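Here is a walk through one protein structure, for a reader who has not seen it before. Please keep the sequence and the 3D view at hand while reading.

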Amino acid sequence: MPYKLNGVLADVPSDIEISQSVRPVSIEKIAFDAGILPDELDLYGKTKAKVHLSIRDRLERVPNGKYVVVTAITPTPLGEGKTTTTVGLSQALGAHLRKNVFTCIRQPSQGPTFGIKGGAAGGGYSQIIPMEDINLHLTGDIHAITAANNLLAAAIDSRIFHEQTTPSDDVLFNRLCPAGKDGSRRFSPVMLRRLRKLGLATTDPNELTPEERGRFARLNIDPDSITWRRVLDTNDRMLRQITIGQGREEKGITRVTGFDMAVASEIMAVLALATDLADMREQLGGMVIGTDRAGTPITADDLGVGGALTVLMKDAIMPNLMQTLEGTPAFVHAGPFANIAHGNSSIVADQIALKLVGSDGYVVTESGFGADMGFEKFCNIKCRYSGLAPDCAVLVATIRALKMHGGGPKVVAGQPLASVYNEENLDLLEKGCSNLRKMIENVRRYGIPVVVAVNRFKNDRGAELDLVGSFAGSAGAEEAVMSNHWAEGGAGAVALAEAVVCSCEQPSRFRFLYPLEMSIKEKIETIVREMYGGSGVQYSSEAEQKIALYTRCGFDKLPICMAKTHLSLSHDPDLKGAPTGFIVPIRDVRASVGAGFLHPLLGTMSTMPDLPTRPAYYEIDVNAQTGDVIGLS
């Protein structure tokens, strides 16, 4: 059962010190208390495990619990403690209010862990533990994604090479379907998918005409159309653009491409949005990597690799079970960023958790960055595919971020804060509340009750907290609550938990922002107008061509996943507060057809971050005597 923390120190130690000071409950005990049976659990040591999707089937008739999503105002580059609030709220619900509760968050990427932001397991006395596990390899899901993504990348370039160096269709076909000693041939199961796509009914290779053999064997991939890139779970700016095929044996078949972060891979999005193994197989096989020279989409299954990708990902689809500092259960599963992807943990984790907590329980999940980013995609993408609807939203705000939005000095990670952020300044704060008002409006646009959680920092003043509380109420929040969970754990979030319980009893009339029947441009422009406050959209010629192509291919009925800066409601990170009247530039549109969305790129978004002059890895080491990790933040 969950327990209240003992020995909380007024001078809060580092995250890693707190994490290592608490002895985790056996993960088998956590699973037992949560209602997970032993044969539904695959152990990965003593503190983490994977759970089987069959739990949903066993609990099919159990009513779902209350579904709470945590979002935020537009953050500073330092982050405003959204994951910390998610964990603190869960600890308060479970250990203090004695509610059944499950936390569902994303797995952090190692890029920020060793880069500038640090880990993402919560912080202070509101963490998921062990923090070393969650912030590093965990159970290997991101490694599986990296392997699968790069296998597909290798398959693309290998196929181009073999087609260009094999001019004979008949020779190419014979290599793909070699004859046995008795002269017989067979199609592999994945080849039958391509045959169906081509409208060829036969299952016997020997029955194909020479023309049909050519159509089947030669993909004719247009190298200029390829959108699939290699990935790595490390920030490495030098891999943003590379030239491949420069070895002598590649016969001059070169191509300019690059690397993205592993969490930006479409396979990560598939992991987060798939509802079972069969669904994941279809999504992986349906991923579009580019087109042939006639403009027809080429998929992973066309390349024959969809089944192999699924084999690499078959264990990854099972959610990872961990625990908070106060012994409440947590699923840590999938990790797409919200600025370059859809920014939410997995559907399957939420579905299982909602059954395990039962009708009187609570599942607390988080969506990345602000209510214009991960929350918008939570509603329009994740909920659309999961069939779930949230009962309440928690909007995290900080005095620091609101002062920045009111015109305060620039906040730069790794540099000291200006004095205004540590002093009372009600004028600056009130001006910055324009961002809070817009984010409350964004949440209410979906028909969801919203509670504002003011994540307290040590220099916040009572008058400042009162001002934000009063403003939030006038802007339409159900309640605004100061929460001190970072310094006090669940005890510091009891008032927030009580407000969430109360709000979950209010009617939620959840609705999507747009119907899928809208055109691609109409959906983009609706998001820009309603979520960002912009007045229009400017499309590059490349974006126009992609929109026309995707409309012609029938992809225009997919939802939209905007890639933009998380540091502003607009596309420009320097526009703070709640700007209006701006024009959003769309420089490109990519298709994540397998995952099920289109991906407009706003401004100059990078899908491969870089390292600062002094990365976080300077502080990270290991105690050679104990084996403990030190310096992780």
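A polar contact is a pair of N or O atoms within 3.5 Å; within protein, one of the two must be able to donate a hydrogen and the other to accept it, and residues adjacent in sequence count only if both atoms are side-chain atoms. The model shown here is a predicted one. In it, the side chains of T139 and D141 are joined by a polar contact of 3.4 Å. T139 sits in the loop between helix 6 (131–135) and helix 7 (141–164). Because buried means under 20% relative accessible area, T139, at 12% relative accessibility, counts as buried.

Now for the chain as a whole. The protein chain holds 22 helices and 23 strands. Its radius of gyration is 25 Å, close to the 26 Å that the globule rule gives for 633 residues, so the chain is as compact as a globular protein of that length. Taken along the principal axes, the C-alpha atoms fill a box of roughly 80 × 55 × 50 Å. Of the 633 residues, 59% are buried.

Strand 20 (583–592) is a useful place to look next. Strand 20 pairs with strand 19 (residues 536–539) in the parallel sense, over four bridges. In this pairing, Y539 stands opposite I586 of strand 20. With strand 21 (597–602), strand 20 pairs in the antiparallel sense over six bridges. Here D588 stands opposite L601 in strand 21. Strand 20 and strand 21 form a hairpin with four residues between the strands, and G596 takes a positive phi near 105° in this hairpin.

Which strand gives the largest share of the lining of the largest cavity? The answer is strand 20, with three residues. A search of the whole structure finds one cavity of 30 Å³ or more, and the volume of the largest cavity is about 280 Å³. The largest cavity is lined by 19 residues, of which D260, A264, E266, R590 and S592 are the closest to its centre. Helix 11 (266–273), strand 20 and strand 21 are the elements that give two or more residues to this lining. By type, the lining of the largest cavity divides into nine nonpolar, six polar and four charged residues.

Helix 11 deserves a separate look. Helix 11 is mostly covered, with eight of its eight residues buried. E266, one of the residues closest to the centre of the largest cavity, is among the buried residues of helix 11, as are I267 and M268. At the N-terminal end, S265 caps helix 11: a side-chain oxygen of S265 lies 3.0 Å from the backbone nitrogen of I267.

The last stop is the second largest pocket, which contains about 810 Å³ of space. Of the 35 residues lining this pocket, I226, T227, E542, K546 and D588 are the closest to its centre. D588 has already appeared, opposite L601 in strand 21. At least two residues of the pocket lining come from each of strand 9 (255–257), strand 11 (288–291), helix 22 (541–552) and strand 20. Helix 22 gives the most to this lining, with five residues. The lining of the second largest pocket divides into 14 nonpolar, ten polar and eleven charged residues. Strand 20 thus supplies residues to the lining of the second largest pocket and also to that of the largest cavity.

Methods: Residues numbered from 1 in each chain as written. Predicted model: local features only at pLDDT ≥ 70, side-chain atom pairs only at ≥ 80, totals over all residues. Heavy atoms only, no water. 1 Å grid on protein atoms, 1.4 Å probe; cavity = no way out; pocket = protein on both sides within 12 Å on 5 of 7 lines; lining within 4 Å. Points joined across faces, edges and corners; volume = space filled by probe spheres on them. Nonpolar A, V, L, I, M, F, W, Y, C, P; charged D, E, K, R; others polar. Buried < 20%, exposed > 50% of the residue type's maximum accessible area, 1.4 Å probe, protein only. Pairing = 2+ DSSP bridges. Rg over C-alpha atoms; globule rule 2.2 N^0.38 Å.
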